[in-house]
Amino acid sequence: TITRNEGKAAQLQVQENYIKNVVAKYLAVSLQDVDALKDGVLLCQLLNVMRKNTIRMVHVPQGGEPLSTLKASRNLGGFISFAQLQFGRESISLPDLQAGSVPVIYELLKRLTAKFPLSSDA
């Protein structure tokens, strides 16, 4: 099972690198850790770059303090609502995003970038 675990770890690393590259490409932000997506700020900003004004209200941290759970949930809820409209209800859930599920975020970003490429990609 060491080989299987190594394969899973390698796949997870590929997925994390893809997520980091999408964030860098669309937002010009260097993402150090995928956990930074858990508050929904960058996910909402990504959607707004992909499709202008998709998320009208994005809660952002103030004064170096992390977002409250309520505001983070609202951000994630906006992202989820949009993803579900695009790809169906089964596509994502709040616990997936709150947990920072790399495979779920990876699959969604692959689908979103295919549907809403940067204008230079078109």
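Which charged end sits over the ring of Y18? I looked this up before anything else. The charged end of K110 sits there, 5.4 Å from the centre of the ring. I note that the model I am reading is a predicted one.

**Entry: aromatic pairs**

I searched the whole structure for aromatic pairs and found two. I describe a pair of aromatic rings by the distance of the centres and the angle of the planes.

Y18 and Y106 form an edge-to-face pair, with 5.3 Å from centre to centre and 80° between the planes. I count the pair as edge-to-face because the angle is over 60 degrees. Y18 belongs to helix α1 (residues 2-27) and Y106 to helix α5 (residues 102-115). The two are 88 residues apart, and the pair links distant parts of the chain.

I then looked up how covered each partner is. Y18 has a relative accessible area of 24%, so I enter Y18 as partly exposed. Y106 has a relative accessible area of 13%, so I enter Y106 as buried. The cut-off I needed here is that buried means under 20%.

F82 and F116 form a tilted pair, with 5.8 Å from centre to centre and 40° between the planes. F82 is in helix α3 (residues 69-87), while F116 is in the segment after α5, so this pair ties together parts that are 34 residues apart in sequence. I find F82 and F116 both buried.

**Entry: Q15**

Is Q15 buried or exposed? Q15 is buried, because its relative accessible area is 7%. I place Q15 in helix α1. Leaving aside neighbours within four places in sequence, I find Q15 in contact with V102, P103 and Y106. Y106 is also the residue that pairs with Y18.

**Entry: nonpolar core**

In soluble globular proteins, nonpolar side chains tend to be buried together. I looked up the largest nonpolar core here, and it has 36 residues. The members that touch the most other members are I19, L37, L46, F79, I92, L97 and L112. At least two residues of this core come from each of α1, α2 (41-50), α3 and α5.

I followed L46 further. With neighbours within four places in sequence left aside, L46 is in contact with V22, V23, Y26, L27 and L109.

**Entry: helix α2**

How many of the 10 residues of α2 are buried? I find seven, and I enter α2 as mostly covered. The buried residues are V41, L42, L43, C44, L46, L47 and M50. L46 is thus on two of my lists, as a buried residue of α2 and as a member of the largest nonpolar core.

Methods:
Residues numbered from 1 in each chain as written. Predicted model: local features only at pLDDT ≥ 70, side-chain atom pairs only at ≥ 80, totals over all residues. Heavy atoms only, no water. Phe/Tyr/Trp six-rings, centres within 6.5 Å; stacked < 30°, edge-to-face > 60°. Helix = DSSP H or I, 4+ residues; strand = E, 2+ residues; numbered from the N terminus. Buried < 20%, exposed > 50% of the residue type's maximum accessible area, 1.4 Å probe, protein only. Lys NZ or Arg CZ within 6 Å of the ring centre and 35° of its normal. Core = buried A, V, L, I, M, F, W, Y, C linked by side-chain atoms within 4.5 Å. Contact = heavy atoms within 4.5 Å.
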